[in-house]
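Colleague: I would like to learn how to read a model like this one, feature by feature. Could you take me through it slowly, with the general idea where there is one and then the case at hand?

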Amino acid sequence: MNRLSIGYAALLAAMMITGGVTTVSAEEELAPTVFKTEDGALLAAKGSEKDEGKWMTPDGDPSYKIEAGRKTDWFTYSGFRRYHSECHVCHGPEGVGSTYAPALTTTLKTMSYSDFVGVIASGQKNVWRQSNSIMPALGDNKNVMCYIDDIYIYLKARSDGALPRGRPSRNEEKPQTARDFENSCLEG
Ligand code: HEC
């Protein structure tokens, strides 16, 4: 073996050994779309605005605002809690993935909001793994569907590298609009 091929083999071995670690550090990298406000808070995109208590990107996707010390808007905080009651058993803590379900922090680097909602409502089979890999359809589960934006917002903040690992601390009370939506969604 010449030096080059030894180096290459070592690199391959290192990639195999540290596969998980590499993914995590990539997550903490800030996505190029993330916008830093004058007071140092992070928004998913430039021009994001708060609409009826919820941050929205100019494209109309539900979104987050993260300040120093993991201080977040209501929805990011709520999404953290909902994710950890409905999804983490399969997808791992904080969206990092597990041996039997994909890392959603990676998924959301490319998956759109509407595709995300579609997969959760209708399920998905054998796309991530080729056999015996089933994401259940959760469209009838109100504890999921009434909080789907919250879960998306939280995972997107993690995926964008805007929210460090750990429990977020909420920066604001639950908006009245969220209260009203929740009541009608859970009853309807
Ligand atoms: C019972 C285990 C289980 C639960 C609970 C679960 N998932 Fe999944 N999910 C999976 C598996 C397995 C896959 C991969 C399916 C495949 O191979 O196509 C998946 C796939 C997905 C995908 C597509 C990812 C990709 O990269 O293709 C999304 C998005 C997703 N899940 C979101 C969620 C969310 C959000 C929740 C909680 C509301 C949730 N899942 C709860 C097992 C689960």
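Colleague: Among contacts between residues at least 6 apart in sequence, what percentage join residues at least 24 apart?

Modeller: In this model, which is predicted, 59% of the contacts between residues at least 6 apart join residues at least 24 apart. The protein chain carries nine helices and 10 strands, and buried residues make up 27% of its 188 residues.

Colleague: How should I read the strands, and in what order do they stand in the open sheet?

Modeller: Strands of a sheet pair through backbone hydrogen bonds, in either a parallel or an antiparallel sense. Here five strands form an open sheet in the order β1-β2-β6-β7-β10, with mixed pairing. The edges are held by β1 (35-36) and β10 (169-170), each of which has a single partner strand, so one side of each is left without a neighbour in the sheet. At the β1 edge, β1 pairs with β2 (residues 42-43) in the antiparallel sense over two bridges, and Phe35 has Leu43 of β2 as its bridge partner.

Colleague: Which helix gives the most to the largest nonpolar core?

Modeller: The largest nonpolar core has 25 residues, and those with the most contacts inside it are Tyr64, Ile151, Tyr154, Leu155 and Ala157. At least two residues each come from β2, α3 (74-86) and α8 (148-159), and α8 gives the most, with seven residues.

Colleague: How, then, should I read α8 itself, and how many of its residues are buried?

Modeller: An α-helix has 3.6 residues a turn, so residues three or four places apart point the same way. In this structure α8 is mostly covered, with 12 of its 12 residues buried, and the buried set includes charged side chains as the sequence reads, among them Asp149, Asp150, Lys156 and Arg158. The helix reaches 16 Å from its first C-alpha to its last, close to the 16 Å expected at 1.5 Å a residue. Within α8, Ala157 is in contact with Tyr64, Ile66, Thr76, Ala162 and Leu163, leaving aside its neighbours within four places in sequence. The helix is followed by Gly161, whose phi is positive, near 75°.

Colleague: Is Asp160, in the loop between α8 and β10, buried or exposed?

Modeller: Asp160 counts as buried because it has 25 C-beta neighbours inside 10 Å, where 20 or more are required. Leaving aside neighbours within four places in sequence, Asp160 is in contact with Leu30, Ala31, Val34 and Ala44. Its C-alpha is also 7.9 Å from that of Thr105, although the two residues are 55 apart in sequence.

Colleague: And how does Leu138 count, in the loop between β9 and α7 (142-145)?

Modeller: Leu138 counts as partly exposed, because it has 18 C-beta neighbours inside 10 Å. Leaving aside neighbours within four places in sequence, Leu138 is in contact with Ile120, Ala121, Val144 and Met145, and its C-alpha is separated by 6.7 Å from that of Ser122, 16 residues away along the chain.

Colleague: Finally, which residues are closest to the ligand?

Modeller: Of the 26 residues that surround the ligand, the closest are Cys87, Cys90, Val127, Ser133 and Met135. The shell divides into 18 nonpolar, five polar and three charged residues, and α4 (88-91), α5 (104-107), α6 (113-122), β8 (124-125) and β9 (134-135) each supply at least two of its residues.

How values were computed:
Residues numbered from 1 in each chain as written. Predicted model: local features only at pLDDT ≥ 70, side-chain atom pairs only at ≥ 80, totals over all residues. Helix = DSSP H or I, 4+ residues; strand = E, 2+ residues; numbered from the N terminus. Contact = placed C-beta atoms within 7 Å. Pairing = 2+ DSSP bridges. Near = placed C-beta within 6 Å. Core = buried A, V, L, I, M, F, W, Y, C linked by C-beta atoms within 7 Å. Expected span 1.5 Å × (residues − 1).
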